[in-house]
Amino acid sequence: MGILHSQQLWATHPRYLNDTGEFNAAFNYVFGENSKLKGALLKQFKNYYFRSQVSQSARSLLDFAPSIEDEKFIEGQVDDLISQVHKNMREDTFVTSFTNFEGIDSNTHWLSYAHNITGYCIVFDKNELIKIDLDGVDYQFENVEYGETPDGILEKVVAIIHDDLVLINEMSKLSEDKDGNFDDQLALRRAKAIMKINNLLGIYKQASYRNELEVRLLISKLDSVKNNNHIIQKNDLSTFPDLQFRTSSNGTFIPYQPVPINLNAIKKIIVRSDSHIESKVKSTEMLLRKFDVEAIVEQSTATLRTTL
(Lines give C-alpha, C1' and ligand atoms only; values in the text may rest on other atoms or scores of the structure.)
Protein backbone atom coordinates (compact mmCIF):
# COMPACT_ATOMS: atom_id res chain seq x y z
CA MET A 1 0.00 0.00 0.00
CA GLY A 2 2.74 2.44 0.95
CA ILE A 3 4.59 1.93 -2.34
CA LEU A 4 1.42 2.58 -4.35
CA HIS A 5 0.42 5.70 -2.42
CA SER A 6 3.89 7.31 -2.27
CA GLN A 7 5.21 5.97 -5.59
CA GLN A 8 8.53 5.56 -3.81
CA LEU A 9 10.89 2.93 -2.49
CA TRP A 10 13.05 3.47 0.59
CA ALA A 11 16.80 2.99 0.18
CA THR A 12 18.70 2.60 3.46
CA HIS A 13 22.34 3.35 4.15
CA PRO A 14 24.14 -0.05 4.14
CA ARG A 15 25.51 0.59 7.63
CA TYR A 16 21.92 0.41 8.96
CA LEU A 17 20.59 -2.67 7.17
CA ASN A 18 19.16 -5.56 9.19
CA ASP A 19 22.61 -7.13 9.35
CA THR A 20 24.96 -4.21 10.01
CA GLY A 21 27.89 -6.60 9.98
CA GLU A 22 27.73 -6.91 6.18
CA PHE A 23 28.81 -3.34 5.50
CA ASN A 24 31.23 -3.16 8.42
CA ALA A 25 32.92 -6.39 7.34
CA ALA A 26 33.55 -5.10 3.81
CA PHE A 27 34.57 -1.63 4.98
CA ASN A 28 37.01 -2.90 7.62
CA TYR A 29 38.46 -5.51 5.28
CA VAL A 30 39.20 -2.94 2.59
CA PHE A 31 40.16 0.06 4.73
CA GLY A 32 41.10 -1.41 8.13
CA GLU A 33 44.55 -1.32 9.72
CA ASN A 34 45.48 -4.74 8.36
CA SER A 35 44.11 -4.13 4.89
CA LYS A 36 46.01 -5.29 1.81
CA LEU A 37 44.75 -2.26 -0.13
CA LYS A 38 47.81 -0.03 0.01
CA GLY A 39 50.30 -2.81 -0.74
CA ALA A 40 48.24 -4.04 -3.69
CA LEU A 41 47.95 -0.52 -5.11
CA LEU A 42 51.67 0.18 -4.90
CA LYS A 43 52.44 -3.19 -6.49
CA GLN A 44 50.09 -2.56 -9.40
CA PHE A 45 51.45 0.92 -9.97
CA LYS A 46 55.01 -0.33 -10.17
CA ASN A 47 53.90 -2.85 -12.79
CA TYR A 48 52.28 -0.02 -14.75
CA TYR A 49 55.44 2.07 -14.43
CA PHE A 50 57.55 -0.83 -15.70
CA ARG A 51 55.35 -1.23 -18.78
CA SER A 52 55.38 2.49 -19.51
CA GLN A 53 59.19 2.55 -19.36
CA VAL A 54 59.42 -0.39 -21.74
CA SER A 55 57.10 1.36 -24.19
CA GLN A 56 59.42 4.36 -24.12
CA SER A 57 62.43 2.14 -24.96
CA ALA A 58 64.40 2.96 -21.81
CA ARG A 59 68.10 2.19 -22.16
CA SER A 60 68.76 0.54 -18.83
CA LEU A 61 66.90 -1.75 -16.46
CA LEU A 62 67.61 0.86 -13.79
CA ASP A 63 65.21 3.15 -15.61
CA PHE A 64 62.38 0.68 -15.03
CA ALA A 65 62.30 1.28 -11.27
CA PRO A 66 60.36 4.29 -9.96
CA SER A 67 62.55 7.00 -8.48
CA ILE A 68 62.39 7.79 -4.77
CA GLU A 69 60.59 11.01 -5.69
CA ASP A 70 58.01 9.11 -7.73
CA GLU A 71 57.47 6.52 -5.01
CA LYS A 72 56.89 9.21 -2.39
CA PHE A 73 54.50 11.01 -4.71
CA ILE A 74 52.47 7.89 -5.51
CA GLU A 75 52.42 6.75 -1.88
CA GLY A 76 51.11 10.16 -0.91
CA GLN A 77 48.39 9.93 -3.56
CA VAL A 78 47.39 6.45 -2.34
CA ASP A 79 47.12 7.69 1.24
CA ASP A 80 45.13 10.73 0.09
CA LEU A 81 42.66 8.66 -1.96
CA ILE A 82 42.13 6.15 0.84
CA SER A 83 41.51 9.03 3.25
CA GLN A 84 38.99 10.65 0.90
CA VAL A 85 37.05 7.43 0.42
CA HIS A 86 37.04 6.84 4.19
CA LYS A 87 35.56 10.30 4.81
CA ASN A 88 32.90 10.03 2.11
CA MET A 89 31.82 6.47 2.82
CA ARG A 90 29.26 7.31 5.50
CA GLU A 91 26.86 9.50 3.54
CA ASP A 92 26.78 8.91 -0.18
CA THR A 93 25.20 5.55 -0.95
CA PHE A 94 21.84 3.98 -0.09
CA VAL A 95 20.49 0.56 -1.02
CA THR A 96 17.22 -1.30 -1.33
CA SER A 97 17.09 -5.05 -1.77
CA PHE A 98 15.34 -7.37 -4.20
CA THR A 99 15.43 -11.06 -5.07
CA ASN A 100 16.44 -11.84 -8.63
CA PHE A 101 14.12 -13.67 -11.01
CA GLU A 102 15.37 -17.14 -10.09
CA GLY A 103 14.61 -16.50 -6.41
CA ILE A 104 11.02 -15.27 -6.85
CA ASP A 105 8.31 -17.41 -5.19
CA SER A 106 10.75 -20.00 -3.87
CA ASN A 107 10.45 -21.63 -0.47
CA THR A 108 13.63 -19.83 0.62
CA HIS A 109 12.15 -16.53 -0.51
CA TRP A 110 9.03 -16.82 1.67
CA LEU A 111 10.86 -18.33 4.65
CA SER A 112 13.39 -15.48 4.64
CA TYR A 113 11.17 -12.46 4.11
CA ALA A 114 7.50 -13.21 4.87
CA HIS A 115 5.90 -13.10 8.32
CA ASN A 116 4.20 -16.48 8.95
CA ILE A 117 5.21 -17.35 5.37
CA THR A 118 2.32 -15.29 4.01
CA GLY A 119 2.16 -11.98 2.18
CA TYR A 120 2.66 -10.38 -1.21
CA CYS A 121 5.61 -10.43 -3.60
CA ILE A 122 5.87 -7.48 -6.01
CA VAL A 123 7.64 -8.28 -9.28
CA PHE A 124 9.19 -5.22 -10.95
CA ASP A 125 10.74 -4.70 -14.36
CA LYS A 126 14.01 -3.10 -13.30
CA ASN A 127 14.44 -1.44 -16.70
CA GLU A 128 11.29 0.58 -16.09
CA LEU A 129 11.44 1.01 -12.31
CA ILE A 130 13.66 4.09 -11.96
CA LYS A 131 13.48 7.14 -14.23
CA ILE A 132 15.95 9.64 -12.78
CA ASP A 133 17.90 12.02 -15.00
CA LEU A 134 19.69 14.37 -12.61
CA ASP A 135 23.34 15.37 -12.48
CA GLY A 136 24.59 14.24 -9.10
CA VAL A 137 22.23 11.26 -8.72
CA ASP A 138 23.51 7.88 -9.85
CA TYR A 139 21.65 4.57 -9.63
CA GLN A 140 22.42 1.03 -10.65
CA PHE A 141 21.31 -2.54 -9.97
CA GLU A 142 24.02 -4.93 -8.80
CA ASN A 143 23.98 -8.59 -7.82
CA VAL A 144 25.12 -9.07 -4.24
CA GLU A 145 28.66 -10.45 -4.08
CA TYR A 146 28.79 -13.42 -1.73
CA GLY A 147 32.01 -14.73 -0.19
CA GLU A 148 33.73 -15.87 2.98
CA THR A 149 35.79 -12.67 2.78
CA PRO A 150 35.35 -9.54 0.61
CA ASP A 151 38.40 -10.33 -1.55
CA GLY A 152 36.41 -9.74 -4.74
CA ILE A 153 35.36 -6.30 -3.48
CA LEU A 154 38.95 -5.50 -2.54
CA GLU A 155 40.19 -6.37 -6.05
CA LYS A 156 37.64 -4.05 -7.64
CA VAL A 157 38.49 -1.20 -5.26
CA VAL A 158 42.17 -1.64 -6.09
CA ALA A 159 41.36 -1.46 -9.83
CA ILE A 160 39.35 1.77 -9.43
CA ILE A 161 41.99 3.57 -7.38
CA HIS A 162 44.78 2.26 -9.60
CA ASP A 163 43.09 3.79 -12.67
CA ASP A 164 43.04 7.09 -10.82
CA LEU A 165 46.72 6.75 -9.92
CA VAL A 166 47.66 6.08 -13.54
CA LEU A 167 45.82 9.23 -14.61
CA ILE A 168 47.60 11.25 -11.94
CA ASN A 169 50.96 9.95 -13.10
CA GLU A 170 50.24 10.66 -16.76
CA MET A 171 49.19 14.21 -15.89
CA SER A 172 52.22 14.70 -13.66
CA LYS A 173 54.48 14.09 -16.63
CA LEU A 174 53.07 17.30 -18.08
CA SER A 175 53.47 19.24 -14.84
CA GLU A 176 56.64 20.56 -13.25
CA ASP A 177 55.37 20.12 -9.71
CA LYS A 178 53.95 16.94 -8.24
CA ASP A 179 51.89 18.27 -5.36
CA GLY A 180 48.65 16.68 -6.65
CA ASN A 181 47.05 20.04 -7.54
CA PHE A 182 45.81 19.10 -10.97
CA ASP A 183 42.89 20.43 -12.97
CA ASP A 184 39.21 20.26 -12.15
CA GLN A 185 38.65 17.32 -14.46
CA LEU A 186 40.75 15.13 -12.20
CA ALA A 187 38.71 16.20 -9.16
CA LEU A 188 35.47 15.30 -10.98
CA ARG A 189 36.86 11.91 -11.97
CA ARG A 190 37.98 11.22 -8.41
CA ALA A 191 34.54 12.08 -7.03
CA LYS A 192 32.96 9.54 -9.39
CA ALA A 193 35.56 6.93 -8.42
CA ILE A 194 34.65 7.38 -4.75
CA MET A 195 30.97 6.88 -5.59
CA LYS A 196 31.84 3.60 -7.34
CA ILE A 197 33.75 2.41 -4.29
CA ASN A 198 30.87 3.40 -2.02
CA ASN A 199 28.59 1.23 -4.13
CA LEU A 200 30.92 -1.75 -4.05
CA LEU A 201 31.04 -1.81 -0.26
CA GLY A 202 27.23 -1.92 -0.25
CA ILE A 203 26.92 -5.24 -2.12
CA TYR A 204 28.93 -7.67 0.03
CA LYS A 205 27.30 -10.50 1.96
CA GLN A 206 28.54 -13.66 3.66
CA ALA A 207 28.58 -16.79 1.47
CA SER A 208 26.09 -18.55 3.76
CA TYR A 209 23.35 -16.25 2.38
CA ARG A 210 24.03 -17.13 -1.25
CA ASN A 211 20.69 -18.90 -1.72
CA GLU A 212 18.86 -15.57 -1.21
CA LEU A 213 19.93 -14.54 -4.75
CA GLU A 214 19.79 -10.89 -3.72
CA VAL A 215 20.00 -7.91 -6.07
CA ARG A 216 20.47 -4.40 -4.71
CA LEU A 217 19.50 -1.04 -6.09
CA LEU A 218 22.28 1.43 -5.26
CA ILE A 219 21.47 5.14 -5.12
CA SER A 220 24.31 7.66 -4.81
CA LYS A 221 23.96 11.42 -4.38
CA LEU A 222 26.61 14.06 -5.00
CA ASP A 223 25.46 17.62 -4.41
CA SER A 224 28.81 19.24 -5.20
CA VAL A 225 32.43 18.54 -6.14
CA LYS A 226 35.34 20.51 -4.70
CA ASN A 227 38.92 21.01 -5.81
CA ASN A 228 41.31 22.70 -3.39
CA ASN A 229 38.34 23.72 -1.21
CA HIS A 230 36.63 25.46 -4.13
CA ILE A 231 33.33 24.18 -5.51
CA ILE A 232 33.87 23.29 -9.16
CA GLN A 233 30.50 21.61 -9.77
CA LYS A 234 27.20 22.26 -8.02
CA ASN A 235 24.37 19.85 -8.76
CA ASP A 236 20.74 20.94 -8.40
CA LEU A 237 19.02 18.19 -6.40
CA SER A 238 16.00 20.28 -5.43
CA THR A 239 13.62 17.99 -7.33
CA PHE A 240 14.95 14.85 -5.64
CA PRO A 241 13.46 13.83 -2.27
CA ASP A 242 15.36 14.88 0.84
CA LEU A 243 17.02 12.37 3.14
CA GLN A 244 14.62 11.08 5.80
CA PHE A 245 14.95 9.26 9.13
CA ARG A 246 12.90 6.58 10.84
CA THR A 247 13.34 5.06 14.29
CA SER A 248 14.36 1.43 14.79
CA SER A 249 12.99 -0.82 17.54
CA ASN A 250 16.03 -0.01 19.69
CA GLY A 251 15.71 3.76 19.22
CA THR A 252 18.37 4.25 16.53
CA PHE A 253 17.71 6.92 13.90
CA ILE A 254 17.89 5.11 10.54
CA PRO A 255 18.72 7.32 7.52
CA TYR A 256 16.91 6.42 4.34
CA GLN A 257 16.57 7.93 0.88
CA PRO A 258 13.09 7.97 -0.72
CA VAL A 259 13.45 6.98 -4.39
CA PRO A 260 10.71 7.92 -6.89
CA ILE A 261 9.56 4.96 -8.97
CA ASN A 262 7.36 4.26 -11.97
CA LEU A 263 4.33 2.23 -10.85
CA ASN A 264 3.98 0.80 -14.35
CA ALA A 265 7.14 -1.16 -13.61
CA ILE A 266 4.99 -3.43 -11.43
CA LYS A 267 4.39 -6.46 -13.64
CA LYS A 268 3.09 -9.07 -11.22
CA ILE A 269 1.85 -9.53 -7.65
CA ILE A 270 2.25 -13.01 -6.15
CA VAL A 271 -0.04 -13.73 -3.21
CA ARG A 272 1.08 -16.26 -0.61
CA SER A 273 -1.59 -17.54 1.81
CA ASP A 274 -3.26 -20.77 2.89
CA SER A 275 -6.55 -19.07 3.72
CA HIS A 276 -8.92 -16.86 1.74
CA ILE A 277 -6.51 -16.91 -1.19
CA GLU A 278 -9.17 -16.29 -3.84
CA SER A 279 -10.47 -13.23 -1.97
CA LYS A 280 -6.93 -11.86 -1.55
CA VAL A 281 -6.20 -12.24 -5.25
CA LYS A 282 -9.41 -10.42 -6.20
CA SER A 283 -8.89 -7.57 -3.72
CA THR A 284 -5.32 -7.12 -4.95
CA GLU A 285 -6.61 -6.78 -8.51
CA MET A 286 -9.06 -4.11 -7.34
CA LEU A 287 -6.29 -2.25 -5.52
CA LEU A 288 -4.10 -2.17 -8.63
CA ARG A 289 -6.96 -0.87 -10.75
CA LYS A 290 -7.43 2.00 -8.29
CA PHE A 291 -3.88 3.13 -9.11
CA ASP A 292 -4.16 2.37 -12.84
CA VAL A 293 -1.52 -0.35 -12.60
CA GLU A 294 -1.87 -3.18 -15.10
CA ALA A 295 -0.22 -6.18 -13.53
CA ILE A 296 -0.85 -9.90 -13.24
CA VAL A 297 -2.03 -11.13 -9.84
CA GLU A 298 -1.52 -14.81 -9.13
CA GLN A 299 -1.36 -17.30 -6.31
CA SER A 300 2.03 -18.52 -5.06
CA THR A 301 3.13 -21.96 -6.17
CA ALA A 302 5.54 -22.43 -3.27
CA THR A 303 5.09 -25.80 -1.55
CA LEU A 304 5.39 -24.59 2.04
CA ARG A 305 2.37 -24.92 4.31
CA THR A 306 1.48 -22.39 7.01
CA THR A 307 -1.21 -24.53 8.65
CA LEU A 308 -1.66 -28.26 9.33
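Which residue of β12 is the bridge partner of Phe 124? Let me start there, and keep in mind throughout that what we are looking at is a predicted model. The bridge partner of Phe 124 in β12 is Ile 266, and this pair belongs to a longer match, since β3 and strand β12, which covers residues 266–272, pair in the antiparallel sense over six bridges.

If we step back to the sheet, we find three strands in the order β3-β12-β13, forming an open sheet with mixed pairing. The strands β3, residues 119–124, and β13 stand at the edges and have a single partner strand each, so that one side of each is left without a neighbour in the sheet. On average, and with direction ignored, neighbouring strands here are turned by 20° against each other.

A word on confidence before going further. The mean pLDDT of the protein is 83, with 89% of its residues reaching 70 or more. Among the elements, strand β13, residues 296–299, has the highest mean pLDDT, at 95, whereas helix α4, residues 68–88, has the lowest, at 76.

That helix matters for the next topic, the nonpolar cores. As a general point, nonpolar side chains in soluble globular proteins tend to be buried together. In this model the largest nonpolar core has 37 residues, and those with the most contacts inside it are Val 30, Phe 31, Leu 37, Ile 153, Val 157, Ile 161 and Leu 201. Two or more residues each are given to this core by α2 (21–31), α3 (37–55), α4, α7 (151–172) and α8 (184–201), and the largest share, ten residues, comes from α7.

Val 30 can serve as an example: leaving aside its neighbours within four places in sequence, Val 30 is in contact with Ser 35, Leu 37, Ile 153, Leu 154, Val 157 and Leu 201. There is also a second, separate core, of 26 residues, and among its members are Ala 11, Phe 124, Ile 130 and Val 271, which brings us back to the Phe 124 that is bridged to Ile 266.

Finally, let me turn to a residue in a loop. Glu 148 lies between β5, residues 145–147, and α7. Is Glu 148 buried or exposed? With a relative accessible area of 61%, Glu 148 counts as exposed, because the cut-off for that class is over 50%. Not counting residues up to four places away in sequence, Glu 148 touches Tyr 204, Gln 206 and Ala 207. From C-alpha to C-alpha, Glu 148 and Tyr 204 are 10.0 Å apart in space, while in sequence they are 56 residues apart.

Definitions and conventions. Residues numbered from 1 in each chain as written. Predicted model: local features only at pLDDT ≥ 70, side-chain atom pairs only at ≥ 80, totals over all residues. Heavy atoms only, no water. pLDDT = per-residue confidence, 0-100. Helix = DSSP H or I, 4+ residues; strand = E, 2+ residues; numbered from the N terminus. Core = buried A, V, L, I, M, F, W, Y, C linked by side-chain atoms within 4.5 Å. Buried < 20%, exposed > 50% of the residue type's maximum accessible area, 1.4 Å probe, protein only. Contact = heavy atoms within 4.5 Å. Pairing = 2+ DSSP bridges. Axes fitted to C-alpha atoms, helices over the stretch in contact; angles between N-to-C directions.
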